[in-house]
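Here are some exercises to work through with the structure open beside you. Try each task before reading its solution.

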Amino acid sequence: MWLTGPSGRANLRLEEAGFGVGIRMLELLCHRDKANRRETRVLGILSFVHSTVWKSLFGKVADSLEKGTEHEDEYMISEKELLVNRFVSVPGGMGGFNCGTFVAGIVKGVLDGAGFPARVTAHFVAVEGQARPRTTILIKFAEEVVQRDARLA
Amino acid sequence: MIVCVAVVGHNNNPLYLQSFVDDDNTLKFHYIVHCSLDVIEEKVSNSKRAGVNLNETFLGLLYPTEDYKVFGYMSNTKIKFVLVTTDHDLRDADVRNFFRRLHGAYVDAASNPFHVPGKRITSAAFAERVSNVVKTFGFGAAA
């Protein structure tokens, strides 16, 4: 649904663009951070993305980091007003398109470079009391990552 | 003096190798760097077993051979930097500083959007920065 149709190709290209940024961000942040430990746990790398990466990209930490209830390998980072979505309005014809896919690509690049392959997507989530929907980045880790993490626990 | 500097990617693929001595052929340095990769892997997996997860760390003198000394450094993203030198008394702090600047030059080269990660570094600016770091390192050790 997300990868097909006219908006699918646009989503894919945005994600690829973000992926390149993500890998380079990881190299740069690891170099700047003096007393750095390489993250080997899922929770460690997620909190690195949630605070350090977000802070250097957007100047603030992400609004929230949650663990998915249905599946063991799903996590969500939410942002009330994601910068890339703030000033862009999507025409009705391109229903599935979400500019947050660029940020999802960045997250994917960081996770992939650190050794945690995952599928990362961006979704709009309607919130009552707020005119614009909130953006959620959904991270679904690959099978091997979940198994490795269970082994290390 | 420093005879060779090498950068190896996280799949143990060579990204950059530069020798600073004219007479020897580079193949010998390829061989030395290749052997040092094994030593690096052993050091890294040993420290994991000991419970200490060191990384972004200066791995120190890897092994002495003929009249060369080989030093290693690995970043968090598994990029390895190898330094081959003929100097006999090198201060630890000097070598650490050298690797830090090398890492900085590498990060700048990798930030290039046209650079494909995993491919050899072809940037002339990176080669120049490496030569500069090597030149200034020589002065520091001699003093």
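**Exercise 1. A hairpin in chain B**

Work out how S4(B) and S5(B) are joined, and look at what lies between them.

Solution. Start with the pairing: S4(B) and strand S5 (residues 80–85) of chain B run antiparallel and are joined by six bridges. This is a predicted model, by the way, so read every value here as computed from it. To get the register, take B:Met74, whose bridge partner in S5(B) is B:Lys80. Next, step into the turn: the hairpin has five residues between its strands, and B:Lys78 takes a positive phi near 65° there. Finally, check how covered the first of these strands is. S4 (residues 68–74) of chain B has six of its seven residues buried, so you can call the strand mostly covered.

**Exercise 2. A backbone oddity**

Find out what is special about the phi of B:Asn12, and say where the residue sits.

Solution. B:Asn12 isn't a glycine, yet its phi is positive, at about 60°. Now place it: B:Asn12 belongs to the loop that links strand S1 (2–8) with strand S2 (14–19) of chain B. As for exposure, its relative accessible area is 29%, so B:Asn12 counts as partly exposed.

**Exercise 3. A valine in a helix**

Is B:Val134 buried or exposed? Then list what it touches beyond its sequence neighbours.

Solution. First locate the residue: B:Val134 is part of helix H3 (residues 124–142) of chain B. Its relative accessibility is 11%; the cut-off for buried is under 20%, and B:Val134 is therefore buried. Setting aside neighbours within four places in sequence, you'll find B:Val134 in contact with B:Ile2, B:Val5, B:Phe20 and B:Phe98. For one more distance, go to B:Arg96, 38 residues away from B:Val134 along the chain: their C-alpha atoms are 13 Å apart.

**Exercise 4. Two chains side by side**

Set out the make-up of each chain: elements, their order, burial and contact range.

Solution. Take chain A first.

- Its secondary structure amounts to five helices and four strands, in the pattern α-α-β-β-α-α-β-β-α along the sequence.
- Of its 153 residues, 40% count as buried.
- Among its contacts between residues at least 6 apart in sequence, 60% join residues at least 24 apart.

Then do chain B.

- It has three helices and five strands, which run β-β-α-β-β-β-α-α from the N terminus on.
- Of its 143 residues, 46% count as buried.
- Among its contacts between residues at least 6 apart in sequence, 53% join residues at least 24 apart.

**Exercise 5. The sheet of chain A**

In what order do the four strands of the open sheet in chain A lie, and which strands stand at the edges?

Solution. Reading across the sheet, the order is S1-S2-S4-S3, with antiparallel pairing. The edges belong to strand S1 (64–67) and strand S3 (118–125) of chain A: each has a single partner strand, so one side of each lacks a neighbour in the sheet. On average, neighbouring strands here are turned by 20° against each other, ignoring direction. Now zoom in on S3(A): eight bridges join it to strand S4 (residues 134–141) of chain A, and A:Phe124 has A:Thr135 in S4(A) as its bridge partner.

A:Thr135 turns up again if you look at A:Glu79, which is found in strand S2 of chain A. Among the contacts of A:Glu79, leaving aside neighbours within four places in sequence, are A:Thr135, A:Arg134 and A:Trp54. A:Glu79 has 6% relative accessibility, so it counts as buried.

**Exercise 6. Helices H2 and H4 of chain A**

How do the axes of H2(A) and H4(A) cross, and which residues meet?

Solution. Place H2 (residues 42–58) of chain A first: it lies across S1, S2 and S4 of that chain, at about 15° to S2(A). Then take the pair. The axes of H2(A) and helix H4 (residues 100–113) of chain A come within 11 Å and cross at roughly 130°, and the two helices are therefore oblique to each other. The crossing is right-handed. On the H2(A) side, the residues that meet H4(A) include A:Ile45, A:Phe48 and A:Trp54, while those in H4(A) include A:Val103, A:Ile106 and A:Leu111. By class, this contact has 12 nonpolar, no polar and no charged residues.

Key
Residues numbered from 1 in each chain as written. Chains lettered and ligands numbered in written order. Predicted model: local features only at pLDDT ≥ 70, side-chain atom pairs only at ≥ 80, totals over all residues. Heavy atoms only, no water. Pairing = 2+ DSSP bridges. Axes fitted to C-alpha atoms, helices over the stretch in contact; angles between N-to-C directions. Contact = heavy atoms within 4.5 Å. Parallel < 35°, antiparallel > 145°, perpendicular 65-115°, else oblique. Left-handed = near helix turned anticlockwise from the far one by under 90°. Nonpolar A, V, L, I, M, F, W, Y, C, P; charged D, E, K, R; others polar. Buried < 20%, exposed > 50% of the residue type's maximum accessible area, 1.4 Å probe, protein only.
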